[in-house]
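Hello,

Here is the structure for you to open. My notes follow below it.

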Amino acid sequence: MQSENNTSAPTTPRLRHRRRSNEAIPDATKANGSHLLVHDRNKYKSFLVRAYSTVWMIAGFVLIVYMGHLYITAMVVVIQIFMARELFNLLRKAHEERDLPGFRMLNWHFFFTAMLFVYGRILSQRLVNTVTSDKFLYQFVSSLIKYHMVICYFLYISGFVWFILTLKKKMYKYQFSQYAWTHMILIVVFAQSSFTVASIFEGIFWFLLPASLIVINDIAAYIFGFFFGRTPLIKLSPKKTWEGFIGASVATITSAFVDLATGWLHCDPGPLFKPESFPLPGWLPWKEITILPVQWHALCLGLFASIIAPFGGFFASGFKRAFKIKDFGDSIPGHGGITDRMDCQMVMAVFAYIYHQSFIVPQSFRVEMILEQILTALTYEEQKALYMKLGEILQERLFGQS
């Protein structure tokens, strides 16, 4: 029977069929430009679907930002859960997991343990200071924070032991690959999100500005590429064009510098938000120009958002091609999955926080900064002890001078 199969049909077509990707990868015989949006016959239909989804996403984003810090943090958590679900499913094999009941729960165990560790460190003292009115709740939360690292460690160790106990013969390779993939997801998802949440509590402005610049860049790149894109930019993303990249860069940088002057982004009137006047040459019709110091910082963020951050999208495109998929998911019509929309945001979030800490946060200590650190980093009891100790020190100095 085996010899009949070998003589009746050649093996070469079968090998080619196995290696064929289910992704719409450009054919080697076609030019890269044939996949541009300007040549897409259904581009207006996809444009309307994408525009409809974009309007709803922006409206929801604005509403959540208006509601405040905790709601923005909750939005970040929800985004993380959707990203983790999409990435967990990327290497999931249904046949293997039928023989491993409960194995998928182990991935989520590690995920929520990492979430507790990251957010517990960021929000610990802020959470304590919000429950000072209730003595029992205050003591309960204080105890959780005191033993936070121990709790997270034992949760992780329990997952580690759980993984070892579920190892099954002939499934070792799949299980260990899933274990490594899970930790890779945790690094990718929580590395950027920890910076995002930290930026939120530095001031919503420092979260909103970088995030909005990425949104502007993404929309502008799509529009410029949709109407004018004819020169392919990179083989990893056949529909990306130089026209879209350059047009989006100009739009993002201009928006970063100009929009702040229109007053649509408000913040506390600190030194960065007090206008400064600069004289202009006499041959110009204007005598001087008024610029907010924060506009120069926004310009730097705009440059990064338009030139460097898109490489997060290119990386995601290469990643999807490696796994022969078109999108990470289908939760957003016209856009793909949540991960498809967050690729550039992840790169931008890390840079925005590092830039803020390096070039915007004052390096010298002020009374306001010290008081803010006391209120956010110390418990209510520790603040009272500090107050009493400062009183004793001041009294000793006062009587010592007299």
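First, a term: helices (H or I, at least four residues) and strands (E, at least two) are DSSP runs, numbered from the N terminus. The model is predicted, so local features need pLDDT of at least 70, side-chain atom pairs count only at pLDDT 80 or more, and totals for chains, interfaces and linings use all residues. Residues are numbered from 1 along each chain as its sequence is written, and side-chain values use heavy atoms, without hydrogens or water.

**Record and spans**

UniProt (unreviewed entry) places "transmembrane region" at several spans, including 144–167 and 294–316. Such annotations may be inferred rather than shown by experiment. Residues 144–167 are 88% helix and 0% strand, with end C-alpha atoms 32 Å apart. Residues 294–316 are 91% helix and 0% strand, and their ends lie 31 Å apart.

**Helix 11**

Helix 11 covers residues 242–258. Its 17 residues should span 24 Å at 1.5 Å a residue (times one less than the number of residues). Its end C-alpha atoms are 24 Å apart, which agrees. Its buried residues (under 20% relative accessible area, 1.4 Å probe, protein chains only) include Gly 244, Phe 245 and Thr 252. The buried residues pack against helix 10, strand 1, strand 2, helix 12 and helix 13 (contact: heavy atoms within 4.5 Å).

**Helix 8**

Leu 155 is found in helix 8. Is Leu 155 buried or partly exposed? It counts as partly exposed (20% to 50%), because its relative accessibility is 31%.

Best regards
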